[in-house]
Amino acid sequence: EVFDIITQRQTMKWYKKYENLYLALRYAAAFVEMVEKEDRFTVDSISTGIEKYTSIWYKIDQNYRKFLYHLKVSGQVSGFEKLSENIENLYSNKYLLNMNDSWQQQIDKKTVWEFDCIDRQRDFYQKYVEKSKTKQCIIVSDALRYEIGDELAARIRQIDRFDARLNKAITGLPSYTQLGMASLLPHKALEIIEKDLTVNADDAPTAGIDNRNKILQQKAAGAIALKDTDILNCNSDGLREIAKNNNLIYVFHNKIDEIGHSLSSEEQAFEAAETTIEELIKIMKRLANADIYNIIITSDHGFIYQNKELDEDEYLGVEPVGDIIKKDRRFVIGRNLKEDNSFMKFRAQNLGLRGDLEFQFPKSINRLRL
C-alpha cells in the first residue's frame, strides 16, 4: 500500500518538496517487510550464510541505510520517532543479533580462516589483475561494504555505455584498513608489524602511496598508485597522459572510513556512503574519457553501524587478558592472549599471516568498550 501511494504521488505537485520523506517511507516499508517475513535469520552452514547474505539479506542493511539517510536529509526527523524506534529495534534485535549469533555458530567450527565457497580478498591481484591483457584501473574505496557496492553497480548500469557486475569476496582477519589494503596488492606473504600495525607484503612496507607504488612497479611495468584527488583534480590532458603511460592504475579512495572512524562525525557515515557513490562514478567517467574502460572497484573491508547508543548487553562483559598490543572495538592483537569463550582466537598462521602474533575477536556483534 505504501509503495502504491508513493507511486501515485510521484506525479503530483508537492512530491518534489517532500521527496526525501517519501523515499524514507519507501525504504522503511521495504525494510519492515523483509525483516518481518523472516521467522529467524538462521545460518545452516557457512556457504548458505554467504549465499543468503549476498542474495537477500544485504538488502536489509541497504534499506536501513537508505531510510536513515533520506530521513536525515529531509530535515524533518521529528514526527518520525516512533517509526525510527521500531526500525531500530527490528534491525538490532531481530536481524543483526539473530543473524550474527547464527553465523557465529558456524564460524566457531573454524580453526583456520579459509573458505572454499567464496573468493579470498588476498587472492585479488592474482585472480583479477595479474592476467589482464587490457589497460586496467583498480579503485579501492575504504569501507565500501557489499550493499553499497550493489547500489553503486545499479547506478552504473543506468549510465549510457556502461555496465557493471557485482562479485563477492571475504576479507582477511583482522578486517582493518592496513591489512585490507595490503591484501589487494601483489604479494606472496603478509605480516603485521608490531610497532605500528602497518603491514609488510613480502617484507616491503605497504602503508602510503609511495610504498604501494614501489610494490606495483616491481611487479608490473607501467603501474602506478594514485589518490582519488589525483584523478578528480587532474585536467583531461593530464589524465590522458597518465592513461598513456600506465597499463595498471590503482586509485585509493577514502570517504566512509575517514568519517566513520571519528566520534565527532561517525553519525555521518551514511551521508558519506552517498558521497562515495557519486565520487566513484565521477572517477569512473573521468577514466573512461581517458580511454580506460576496464575498471574494478573494490574495498579493504566493510563496516557495521547502528544509529543508536549501544545497549549495555552489546558490549562484551569481559576484557581481553594477555600481552595486548592493540585493542579495537572488534579485535585484539597481542601475545599470550588468554582463552575465553567470549572470543574467537587465532594465531597469525591460522589467518594466513607471517609472525607469532595472536588475535582475538568478540563473538557475534559484541563490541569491546574503548
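1. F3 is partly exposed in this predicted model, its relative accessible area being 33%. The residue sits in helix α1, which spans residues 2–9. Because a surface patch takes residues with over 30% relative accessible area, F3 at 33% clears that cut-off.

2. On the surface, F3 joins V2 and L25 in a nonpolar patch. Together the three residues present about 210 Å² of accessible area.

3. H70 belongs to helix α3. With a relative accessible area of 8%, H70 is buried, since the limit for that class is under 20%. F3, by contrast, is partly exposed.

4. Which side chain does the side chain of H70 meet in a polar contact? The partner is the side chain of N20, at 2.8 Å. Beyond the neighbours within four places in sequence, H70 is in contact with N20, L23, A24 and Y27.

5. The largest nonpolar core holds 72 residues. Within this core, the members that touch the most others are F31, I60, I192, Y250 and F359. Helix α3, residues 46–74, supplies the largest share, nine residues.

6. I60 is one of those most-connected members. Setting aside its neighbours within four places in sequence, I60 is in contact with F31, M34, V35, F41, Y91 and Y95. F31, in this list, is also among the members touching the most others.

7. A second core, separate from the one above, contains 33 residues. Among them are I139, I159, I249 and A273.

Technical notes
Residues numbered from 1 in each chain as written. Predicted model: local features only at pLDDT ≥ 70, side-chain atom pairs only at ≥ 80, totals over all residues. Heavy atoms only, no water. Patch = residues over 30% accessible without salt bridge, like charges linked within 9 Å, V, L, I, M, F, W, Y side chains within 5 Å. Areas by Shrake-Rupley, 256 points an atom, 1.4 Å probe, with all protein chains shown as cover. Salt bridge = Lys/Arg side-chain N within 4 Å of Asp/Glu carboxyl O. Helix = DSSP H or I, 4+ residues; strand = E, 2+ residues; numbered from the N terminus. Buried < 20%, exposed > 50% of the residue type's maximum accessible area, 1.4 Å probe, protein only. Core = buried A, V, L, I, M, F, W, Y, C linked by side-chain atoms within 4.5 Å. Contact = heavy atoms within 4.5 Å. Polar contact = N/O pair within 3.5 Å; in protein donor to acceptor, adjacent residues only side chain to side chain.
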